[in-house]
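Visitor: Hey, got a minute to walk me through this one?
Guide: Sure, let's pull it up.

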Amino acid sequence: MGTVEFLGFNLYAWITIVTVLGMFTTMLFTKLRADVVFLAAIGILYVTGVLDAKEAFSGFSSTSVVVIGVLFVVVAGLMYTGVLQWIVRNLLGQPNSYGKAVVRLMLPVAALSSFLSNTTVVAMFVGIVKIWSKKLGVSPSKLLIPLSYASGMGGVCTLIGTPPNLIISGLYADKTGDAMNVLATTIPGLFCLVIGVLSVIAMRKLLPERQAPESAFEATSEYTLEMLVPSDNKYIGKKLGDTGLLDVKGGSLISMYHFDNVPASISKDEYVMGGDRLVYAGQIDELLEMLKSNGLVSSDHHVFSLSEVDRSNPVRTAYVTFGSSLIGKTIGGSTFEKDNNMSLIAVARRGERISQPPRQVVLKAGDTLLLSCPSKLDVNSGPLASQLHFFDSDQVVKTGPKTLISAVIMIAMVALSAFGVMPLLQCAFIAAAAMLLLRCCNVDQAMRAINWEIIMVFAGSVVLGLAIQKTGIAERLAMGILDVCGTNPIVVMTAICFVGTFITEFISNTAAGAMFFPIMYEAAEKLGYEPYTFLIALMVSVSSSFATPIGSPTHMLVYGPGGYRFSDFMRIGLLMNIIILAANIFIVNIVYPLTPLIP
């Protein structure tokens, strides 16, 4: 290692610090994929000599990372046999108060998230909750944040429920040779979940009353709609004032263009030409009906005859996801419509009047699009799934004998691991093989279910933690925390968990877990205590990100459908962070009392 030190850190430590800060800054302020950023960081640490080849690529052979990859296959079996759909359909019911609705929603979601991917569970529930909220007469925004919170708090309840638990428990096993039980975090997790549910009910007035994005297409002045005059239209050669296209029911003509780009005046004496583009603002249902009756079509390309338009293409609603390649672009300036064989009809943005034609709108995350799509379009896989989330995208799967088979496989996997019959990795491999052999899912479905980007991030997180520990950063930071907080173990534990909770609002909770593991481990040992209790508290804290929509992938999933603003999460989330932190420290020290290290 480098011998020259500055502020207590040697050269390799400073390379690691700069790399980590650069990595997080890049993820915060650019649109680069997280897996690319992590891979670049690994490359820097290897090329500069901070880590050797074995250390730099040790994340890809880490037990916890392999478990995550295998569990994707198990979840695929549950999805394609309808287990998740059956649970969703039979658990929500018809509660008669908001408090009961929150309980009926959060507890099942938390239970599922304890064993399945949080993102998968939330993605399945989003559409159901939106329909359910209408039946209950409650704004979806009052239920979608609790939905996301429940998935995070439920994931903490088992080691396989959330990636940081697997990463931290894997690093602990590598350090000590002792494997944590798959249910090690169950009691602390359940206690925090109960406190969380009660807190959401008590603070329900802090949850915003937002309009759902798709409902913007039923209201005036929240969207624009662009249509084209086919070359055989009956109004060609006539004045606008004589066609009925100027003053229409449910809206108004706000822009008109000749020859694609030449603006025309909006007046009764303006002539209509073939290929003209007309931009309207108003109520979508009435405008669509008017446009059909007047022989107008979508303006994605020039249409010579109305018969060229495929009337079998249904209109579907989708929102632009975080990280979508469409952000910062216009539909008209990209090949999106051609690549996906669909046409943009209208764009909505929460309560904001959009004056441009839809295909010229520079898109933002959360924008809602009305699209004419092929009826057999698969919106759940491929590049399209990473760009847009369709409100009606949940696949309808019939339940049958395989539903029971896949459920039994999942339960057996958890039970065998929980009771110590065999390690979690072996249980996961057997469960994945059983899903394939019993045809709960096929090989293609299993491979599509594996999210390689997530696996890359997890592997990079393990390597990141290793670099922080190897270069002495963890020990130095641990000593700094002890200097500030003294030698009281509860105070030190609380301080590190507080910083971990704050950091995970802005970076991946997996990365936060890997980064804080060596710091918490070193602090515990310096104080003379077994690190186990400290690490259980860390698991809960790095998964407790409630205050920003970028703090968790599940927050991003509900952000668009809920019509939320960034500040909506902070109003209730900051208090939730403090409440869950206090509950976490309290229960962990009761369930796992501090144990002094044996000399």
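Visitor: Which helix gives the largest share of the lining of the largest cavity?
Guide: Helix 10 (residues 186–202) does, with 3 residues. Helices here are DSSP runs of H or I, at least four residues, numbered from the N terminus. A cavity is a set of points on a 1 Å grid over the protein atoms alone where a 1.4 Å probe fits but cannot get out, and lining residues have an atom within 4 Å of a point.

Visitor: Is this predicted, and what's the numbering?
Guide: This is a predicted model: local features need pLDDT of at least 70, side-chain atom pairs count only at pLDDT 80 or more, and totals for chains, interfaces and linings use all residues. Residues are numbered from 1 along each chain as its sequence is written, and side-chain values use heavy atoms, with hydrogens and water left out.

Visitor: Who else lines that largest cavity?
Guide: Among them are Met 153, Val 540, Phe 546 and Ile 580.

Visitor: Switching topic, where is Asp 568?
Guide: Asp 568 sits in helix 24.

Visitor: Buried or exposed?
Guide: Asp 568 is buried (under 20% relative accessible area with a 1.4 Å probe, protein chains only), at a value of 1%.

Visitor: What does Asp 568 touch?
Guide: Leaving out residues up to four places away in sequence, Asp 568 touches Ile 145, Pro 208 and Arg 210, with contact meaning heavy atoms within 4.5 Å.

Visitor: And where does helix 24 bend?
Guide: At Gly 573, by about 35°, the angle between axes fitted to the seven residues ending there and the seven starting there.

Technical notes:
Helices (H or I, at least four residues) and strands (E, at least two) are DSSP runs, numbered from the N terminus. Buried means under 20% relative accessible area, exposed over 50%, partly exposed in between (1.4 Å probe, protein chains only). On a 1 Å grid over the protein atoms alone, a cavity is a set of points where a 1.4 Å probe fits but cannot get out, and a pocket is an open set with protein on both sides within 12 Å along at least five of seven lines; lining residues have an atom within 4 Å of a point.
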